[in-house]
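Hi,

Here is the structure I promised to pass on to you. Have a look at it first, and then read my notes below alongside it.

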Amino acid sequence: PVAVGVLQQAAADLVVFVLLVREKLRRKHGITVEVPVAWTGGVVEGMTLVREAFFAGLHAAAPEMPVASESAVSLNGALWRAKRLADAEKA
């Protein structure tokens with residue numbers, strides 16, 4: 001069915017986006033360790049087909065990359081970033 005194909009493509013696209021960010025971190029910032037992947041809500045949380053394909057795709061492409069098994073609260077990421085910026089201004 002078309003809907004299944006769309007969801008499978010969505011999962012594949014998400015994997016590509018994560019791998020692109022990983023490559024940019026390596027190339028532009030010299031980060032060589034695997035950075036953990038967090039995700040939040042939306043289609044990954046609500047659609048089993050997308051979630052399983054997303055996890056499988058990341059594991060196949062980067063088996064050492066830690067991927068959170070539970071959805072993150074997006075506000076926590078914003079608060080973490082704001083704290084880092086505030087701490088940097090104090091220094």
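Starting at the N terminus, the elements of the protein follow the order α-α-α-α. That makes 4 helices and 0 strands. Please keep in mind that this is a predicted model.

Let's begin with the overall form. The C-alpha trace spans about 55 × 30 × 20 Å along its principal axes. The radius of gyration is 15 Å, whereas a compact globule of 91 residues would come out near 12 Å. Of those 91 residues, 14% count as buried. I also looked at contacts between residues at least 6 apart in sequence: 69% of them join residues at least 24 apart.

Now turn to helix α3, which covers residues 48-61. From first C-alpha to last, its 14 residues reach 20 Å, close to the 20 Å expected at 1.5 Å a residue. Which residues of α3 are buried? They are Val 50, Phe 54 and Leu 58. Looking down the axis of α3, you will find its buried residues within an arc of 60 degrees, so they line one face of the helix. There is a handy rule behind this kind of pattern: an α-helix has 3.6 residues a turn, so residues three or four places apart point the same way. On the other side of α3, you can find Glu 52, His 59 and Ala 60, which are exposed. As for the buried residues of α3, they pack against α1 (2-29) and α2 (42-46).

Those three residues also belong to something bigger. The largest nonpolar core has 12 residues in all: Leu 7, Ala 11, Val 15, Val 18, Val 37, Trp 39, Val 44, Val 50, Phe 54, Leu 58, Ala 62 and Met 65. Helices α1 and α3 each supply at least two residues of this core. The largest share, 4 residues, comes from α1.

Next, the aromatic rings. How many aromatic pairs does a search of the whole structure find? There are 2. In one of them, Phe 54 and Phe 55 form a tilted pair, with 5.9 Å centre to centre and 40 degrees between the planes. These two neighbours differ in how they are covered: Phe 54 counts as buried because its relative accessibility is 3%, under the 20% cut-off, while Phe 55 is partly exposed, with a relative accessible area of 24%. Ring pairs link Trp 39, Phe 54 and Phe 55 into a cluster.

Trp 39 is worth a click of its own. Leaving out residues up to four places away in sequence, Trp 39 touches a list of residues that includes Val 44, Arg 51, Phe 54, Phe 55, Val 67 and Ala 72.

Finally, try finding Arg 22 in helix α1. Is Arg 22 buried or partly exposed? Arg 22 is partly exposed, because its relative accessible area is 21%, which falls between the 20% limit for buried and the 50% limit for exposed. Beyond its neighbours within four places in sequence, Arg 22 is in contact with Glu 34, Ala 62 and Met 65. Two of these partners, Ala 62 and Met 65, are listed in the nonpolar core as well. Arg 22 and Val 35 are 13 residues apart in sequence, and their C-alpha atoms are 7.6 Å apart in space.

Enjoy exploring it!

Best wishes

Terms used. Residues are numbered from 1 along each chain as its sequence is written. This is a predicted model: local features need pLDDT of at least 70, side-chain atom pairs count only at pLDDT 80 or more; totals for chains, interfaces and linings use all residues. Side-chain values use heavy atoms; hydrogens and water are left out. The expected span of a helix is 1.5 Å times one less than its number of residues. Buried means under 20% relative accessible area, exposed over 50%, partly exposed in between (1.4 Å probe, protein chains only). The arc is that of the directions from the helix axis to the C-beta atoms. Contact means heavy atoms within 4.5 Å. A nonpolar core is a set of buried Ala, Val, Leu, Ile, Met, Phe, Trp, Tyr and Cys residues joined through side-chain atoms within 4.5 Å. Rings of Phe, Tyr and Trp (its six-membered ring) pair if their centres lie within 6.5 Å; planes under 30 degrees apart count as stacked, over 60 as edge-to-face and the rest as tilted. The radius of gyration is taken over C-alpha atoms; the globule rule is 2.2 Å times the number of residues to the power 0.38.
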